[in-house]
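Visitor: I would like to learn how to read a few features of a model, with the general idea before each case. Could we take them one at a time?

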Amino acid sequence: MKYLKIIALLGLLIASRQAAGQTIEDLEYYFSRIAVEPAESEMLIYNDSLTSSLLFYLQSLDDVIETDIPEVKYLGQIVPSDSLLKIFSWNIPLTADKNLYNCIIHNGKTGDNILLQSSEGMESLDNETIINSDKWYGSLYYDIEPVAKSGDMTYILLGYDPGNVSANSKVVEILHFDGQGKPLFGKMIIRVNEKMLSRMIFRYSPLATMMLRFMNDRTGIIFDHLSPASPEYKGQYRYYGPDFSYDLLQINEGELILMEDFDFKYTDGQSLQP
């Protein structure tokens, strides 16, 4: 009986690895087809197949967060330090200024895999609105950190929207969950001078590169200060770019507090290089 159990476990392990390998092959195939497909209708069909394949695989896993999914080109995967959720995100470039953004949030507490899709991007996103999953705007999320260490599932997301020919966008987003475990985007915990914001949005020239990243010790977010190339371009974000100064959002007791003109190289003799 003991050997039968061992054989059964080995069979399950082999089947699981085979399923993972097949899923990765499927995802790579769908992404490769999307990359060369000129017709929007065909791209959307491939994306539907890609989404279904990934969701089916995630639903078959006993532990999504702890299961290693090898890197697949074009598929972003992030896990916070408290290991209570996992986020997958990718985009489908439909036209020069339009993307279909896809996001799957695995809630480790409920076991739900929540699919979000949108082609809006951040062009009309504001700093104050709290957004539920049905109104998600669309973004590629590339880093995540809990706001506090209490396990209340409130997180800082760093996101990117390359989807507009006139301006790129980045965001410091606050992700939390309602009583049913559904995601909410935006929470009034970002302090900018005397005003509270639910997120911070940065828009800048598609020809520029903006730094927005956590410090090495994860206690703050350092970013380029953006300015117009000339005063007459104020408010025209296609002309905005880094001006060689830096700002910091310090994470402190459940809030993010803006510190402008921050010298991130040295504080009290210690390097705070991002």
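**Reading burial, contacts and backbone angles**

Guide: Let us start with Ser139, which is buried, with a relative accessible area of 0%. Please keep in mind throughout that this is a predicted model.

Visitor: Where does Ser139 lie along the chain?

Guide: Ser139 is placed in the loop between strand 5 (131-132) and strand 6 (140-146). Ser139 counts as buried because its relative accessible area is 0%, and the cut-off for that word is under 20%.

Visitor: Which residues is Ser139 in contact with, leaving aside its neighbours within four places in sequence?

Guide: With those neighbours set aside, the contacts of Ser139 are Ser89, Tyr101, Met122, Gly159, Tyr160 and Val171. For Tyr160 there is a further detail, in that a polar atom of the Ser139 side chain lies 3.2 Å from the backbone nitrogen of Tyr160.

Visitor: Is Thr51, in helix 2, buried or exposed?

Guide: Thr51 counts as buried, because its relative accessibility is 5%, and a residue is called buried under 20%. Not counting residues up to four places away in sequence, Thr51 touches Trp90, Asn102, Leu115 and Gln117.

Visitor: How should I read the sign of phi?

Guide: The general idea is that most residues other than glycine have a negative phi. In this structure, Tyr74 is not a glycine and yet has a positive phi of about 85°, and Arg218, also a residue other than glycine, has a positive phi near 65°.

Visitor: Where are Tyr74 and Arg218 found?

Guide: Tyr74 lies in the loop between helix 2 (40-60) and strand 1 (76-78), while Arg218 belongs to the loop between strand 13 (212-214) and strand 14 (220-228).

Visitor: Why does Tyr74 count as partly exposed?

Guide: Tyr74 is described as partly exposed because its relative accessible area is 48%, and that term covers what lies between buried, under 20%, and exposed, over 50%. Arg218 is partly exposed as well, with a relative accessible area of 28%.

Visitor: How many helices and strands does the chain have, and what share of its residues counts as buried?

Guide: The chain has two helices and 18 strands, and 45% of its 274 residues count as buried. Its accessible surface comes to about 14,600 Å², with 51% of that belonging to carbon and sulfur atoms. As for contacts between residues at least 6 apart in sequence, 50% of them join residues at least 24 apart.

How values were computed
Residues numbered from 1 in each chain as written. Predicted model: local features only at pLDDT ≥ 70, side-chain atom pairs only at ≥ 80, totals over all residues. Heavy atoms only, no water. Helix = DSSP H or I, 4+ residues; strand = E, 2+ residues; numbered from the N terminus. Buried < 20%, exposed > 50% of the residue type's maximum accessible area, 1.4 Å probe, protein only. Contact = heavy atoms within 4.5 Å. Areas by Shrake-Rupley, 256 points an atom, 1.4 Å probe, with all protein chains shown as cover. Polar contact = N/O pair within 3.5 Å; in protein donor to acceptor, adjacent residues only side chain to side chain.
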